[in-house]
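Student: I should like to work through this structure with you, one question at a time. May we begin?

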Amino acid sequence: MVVLPVLGQLSDDYGRKPLLLITVSTTIFPFSLLIISKSKSFVYAYYVLRTISFIISQGSIFCIAAAYVADVIDDSKRTTGLCWMMGLFSASHVLGNVLARFLPEDSIFVSIAFLTFCPLYMALFLPETVTSAPIRDQRLPFLKKAFKIVEQRYNSMRRAAIIVISSPALKCISLISFFYELGMSGIATVLLYYLKAAFGFDKNQFSEILMVVGVGSIISQLLVFPSINPIVGEKVILCAALLSSVADVLLYGLAWAAWVPYLAASMGVVNVLVKPATYALISQASSSTDQGKTQGFVAGVQAIASLLSPLAMTPLTNLFLSRNAPFNCKGFSLVCASISVAISLVFAWMLKRNPSNQTSENDEENIEAPLLS
């Protein structure tokens with residue numbers, strides 16, 4: 001919740017490349033520790049490092065990458081670029097599931113090789129798109145320098161909040177993201193447990209469901225979205241994806257046979273378009289100098305939802321899977337989550353068709369004025 005908005009702001013001030021290098025590099029260390037030693041104490045250390053790594057990298061890689069896409073691609077082609085970015089991620093997800101399914105457990109070094117390739121490639125070939133802000137007051141005492149850094153981050157955070165709140169489009173997108181993530185993150189937390197308890201699914205069957213979703217995601221993001229977006233626009237695609245998500249979650253929650261979750265998973269072909277459509281709408285509604293701030297702020301809103309949702313979903317799922325359930329509906333918690341996704345659909349329907357908010361110079365002055373007072 002804290003790190004995502006800050007990293008987005010830093011990418012606007014000091015460049016996308018160093019922030020991407022930092023976030024990607026932090027994912028390498030936990031897995032490297034597992035290879036060094038397989039003793040129990042190191043496994044605990046792995047989870048500590050993995051938690052720290054997730055705080056820095058989970059979500060931030062995509063919001064900074066979306067800001068980078070906005071820097072290098074024209075407005076008319078930006079949505080297609082974002083679709084390809086998410087589509088390639090889906091392709092890598094499918095390949096990763098395939099490798100995890102068939103490679104022996106001691107072949108984790110393969111993952112390390114792929115992870116190491118990413119920062120090396122970025123360091124050598126990724127051009128910077130943002131001019132770094134000059135670093136001043138290098139001779140200040142340590143305490144004053146630390147206070148200055150905190151003050152700058154606070155002002156930047158405040159500026160990002162003002163930008164989002166003052167823009168009807170960005171404010172609406174934030175609400176869409178919050179309620180969508182509130183429902184979907186809770187579902188992701190309990191889905192495997194629910195499928196195992198209700199239908200006896202094991203990890204291989206769950207992997208099959210993920211692969212069905214992944215294959216459909218590749219097709220929809222790389223082919224379908226770029227083809228239909230010029231015709232209907234991002235808003236229509238977002239509404240269709242959210243409507244499909246509501247139906248998907250209801251199918252999971254009301255599943256009456258073991259084959260129904262596979263049918264629900266097949267709807268991921270449409271559901272997965274929520275993310276690229278949201279990235280595209282945020283990008284369109286932001287000025288070129290505030291891409292990182294707005295993408296990071298909305299990602300922070302999603303992180304808040306990801307924190308709150310499992311707190312309600314986990315005990316509710318446990319209750320309806322137990323013998324003390326008030327009535328017979330094992331997936332009732334998922335049905336409740338679908339209500340949150342439906343609320344996000346309502347806000348998406350209220351969104352203006354072309355949420356352009358390219359901030360003018362006068363608006364920039366009005367935003368800066370409170371910060372300088």
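Student: Over which residues does pLDDT stay under 50?

Tutor: This is a predicted model, and pLDDT expresses the predictor's confidence in each residue, from 0 to 100. Where pLDDT is low, the predicted coordinates should not be read in detail. The model has 27 contacts beyond four places in sequence for the stretch concerned. That stretch, with pLDDT under 50, is residues 357–373.

Student: In which helix is confidence highest?

Tutor: The protein averages a pLDDT of 81, and 88% of the residues score at least 70. Confidence is lowest in helix H17 (residues 361–372), with a mean of 40. The highest mean, 91, belongs to helix H16 (residues 332–350).

Student: How many helices and strands are there in the protein?

Tutor: Strands can be settled at once, as the protein has zero of them. The number of helices is 17.

Student: Does Asn-229 count as buried or exposed?

Tutor: Asn-229 lies in helix H10 (residues 203–232). A residue is buried under 20% relative accessible area. The relative accessibility of Asn-229 is 13%, so Asn-229 counts as buried.

Student: Which backbone nitrogen does the side chain of Asn-229 reach?

Tutor: Leaving aside residues up to four places away in sequence, Asn-229 touches Thr-79, Glu-234 and Ile-237. The side chain of Asn-229 comes to 3.4 Å from a backbone nitrogen. That nitrogen belongs to Glu-234.

Notes:
Residues are numbered from 1 along each chain as its sequence is written. This is a predicted model: local features need pLDDT of at least 70, side-chain atom pairs count only at pLDDT 80 or more; totals for chains, interfaces and linings use all residues. Side-chain values use heavy atoms; hydrogens and water are left out. Helices (H or I, at least four residues) and strands (E, at least two) are DSSP runs, numbered from the N terminus. Buried means under 20% relative accessible area, exposed over 50%, partly exposed in between (1.4 Å probe, protein chains only). A polar contact is a pair of N or O atoms within 3.5 Å; within protein, one must be able to donate a hydrogen and the other to accept it, and residues adjacent in sequence count only if both atoms are side-chain atoms. Contact means heavy atoms within 4.5 Å.
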